[in-house]
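This report walks through a protein model from its overall surface down to single residues. Please keep the sequence and the structure in view while reading.

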Amino acid sequence: VTGISLIVGSASITDNVMRFTAVLLVVSPAAFSLAVGIISQTVLGRLAGAGTLVKNRAAFEALADIDLVVFDKSGTLTTDERTFVSALLAHGSSLHSTEDLIAIAAAVEGPSQHSLGKAIVAEAARRGLDVPNIIDFRTIPGQGVTGLLENTTVILGGPVLLTSRNIEIDVTDLVRADTANQNGNTVLFLVREGELLGTIEIADVVRPTAKKAVFGLQLLRKRVAILTADATGVAGKLANELEVTELLAEVLPHQKAAAIESLQADSSQVAMVGNAREDALALAAADVSIAIDATLEDLETENDILVNGQDPIAVTNMVKLAVRAKKKTAQNIGVAFGVNVEECVFSQLAQVVHRAVAALGERKHEYLERRFNLACRLFASFSFILLHLGRIAIVLYLPALALAAVSDIGVVTA
């Protein structure tokens, strides 16, 4: 009666439906609380067991409707380990051999924790080179690293290093570096006092699960993009290998937040996957921030989700769970809504039936009431069995719950 009076009222249909739902929620809140609460706790518990901490539950639920997942390339789609490819002296270099080039580069990268530097240091150790000492080590954001070697300034970095400092490069060295980039290798330039000494090529190691992770997101109809400071050629090869069509390359760390905002310009909901410290600005700009390789120190950050590990498949599984949880929650709410409606209807119907039977006499009343209760028990049991055999049986399960409630028999679901 309340539902009919609200629906036929003068307010809009949306307002009436909201009021009707509110009435059902007040009358029987248990069904709705179970419909949402159990799903949420189950999913969050499963993620926690897999090493994923959801700090913002609303952000996790938003993953189901996310349009674009952006991966910072280094450490997610590729491993932290890089492989040394080659070292070549620049045209007119003052060095005598590539061993000298590697030794100086290893000296500059020694204090660095970057994977590119670790690959160079490891190669120098493998060759047994005598690495000189360097002082005043500094990192130049977006360019590379620098230090003093025998009172001379040595810098090792990418192409931005050459353009920002107007370093001259011979056309043969430029063509060689471009070829290396097209092959997917990162090229580092070693400069001493404004002179280009040589180049070093480093290759990425793609994670074995990267392609599966990307394909899994695409199956969920999510767009995937790669964000990196690497050269376009290097990132382009990885994008082609993983079949990713959206690529943002040569984006410096301080420019990544603006890159995320540009992706949101068309109202796309963007999830960013990156390192909590190195990609803090980009993560903060995204609609959902997912910090990988998280540590205890990252608990104090504002990231929505922390992942203990670097495997991108964890992100795909997370989005899958969010999508499934949304569907299952909607189904459960529908069931709870139907149960409440039918319980109200059948409770009124039961009163009418009991009154009609009572008018026939006491003996006939008891006889028919037993038959009515027995029918409820049989209908409830039969519907519950069918519910486990197919979704269509839910149509029978709803009236079974209502009949069982009004006839005081209960439904055993153990």
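## Surface, sheet and selected residues

The accessible surface of the protein comes to about 21900 Å², and carbon and sulfur atoms account for 57% of that area. The model is a predicted one, and in it the protein has 15 helices and 13 strands. Of its 414 residues, 44% count as buried, while among contacts between residues at least 6 apart in sequence, 60% join residues at least 24 apart.

One part of the fold that can be followed in detail is an open sheet of six strands, whose order is 3-8-7-6-5-4 and whose pairing is antiparallel. Its edges are formed by strand 3 (83-89) and strand 4 (135-140), each of which pairs on one side only. On average, and with direction ignored, neighbouring strands of this sheet are turned by 20 degrees against each other. Within the sheet, strand 5 (residues 144-149) and strand 6 (residues 152-157) are paired in the antiparallel sense over six bridges, and the bridge partner of Thr146 in strand 6 is Ile155.

Two helices can be described by how they lie against these strands. Helix 8 packs on the sheet, where it touches strand 3, strand 7 and strand 8, and the direction of helix 8 makes about 150 degrees with that of strand 7. Helix 5 (residues 98-109), for its part, lies across strand 3, strand 4, strand 5, strand 6, strand 7 (185-192) and strand 8 (195-203), and runs at about 120 degrees to strand 3.

Two residues, one from a helix and one from a strand, are set side by side in the table.

| Residue | Element | Relative accessible area |
|---|---|---|
| Asn181 | helix 8 (residues 171-182) | 12%, buried |
| Leu53 | strand 1 (residues 52-54) | 40%, partly exposed |

Asn181 counts as buried because its relative accessible area of 12% falls under the 20% cut-off. Which residues does Asn181 contact, leaving aside its neighbours within four places in sequence? They are Thr186, Val187, Ala231, Gly233 and Val234. Two of these partners, Thr186 and Val187, fall within the range of strand 7 (185-192), one of the strands that helix 8 touches.

Leu53, at 40% relative accessibility, is partly exposed, so it lies between the limits of 20% and 50%. Together with Leu296 and Leu299, Leu53 forms a nonpolar patch on the surface, and the three residues have about 310 Å² of accessible area together.

How values were computed
Residues numbered from 1 in each chain as written. Predicted model: local features only at pLDDT ≥ 70, side-chain atom pairs only at ≥ 80, totals over all residues. Heavy atoms only, no water. Helix = DSSP H or I, 4+ residues; strand = E, 2+ residues; numbered from the N terminus. Buried < 20%, exposed > 50% of the residue type's maximum accessible area, 1.4 Å probe, protein only. Contact = heavy atoms within 4.5 Å. Patch = residues over 30% accessible without salt bridge, like charges linked within 9 Å, V, L, I, M, F, W, Y side chains within 5 Å. Areas by Shrake-Rupley, 256 points an atom, 1.4 Å probe, with all protein chains shown as cover. Salt bridge = Lys/Arg side-chain N within 4 Å of Asp/Glu carboxyl O. Pairing = 2+ DSSP bridges. Axes fitted to C-alpha atoms, helices over the stretch in contact; angles between N-to-C directions.
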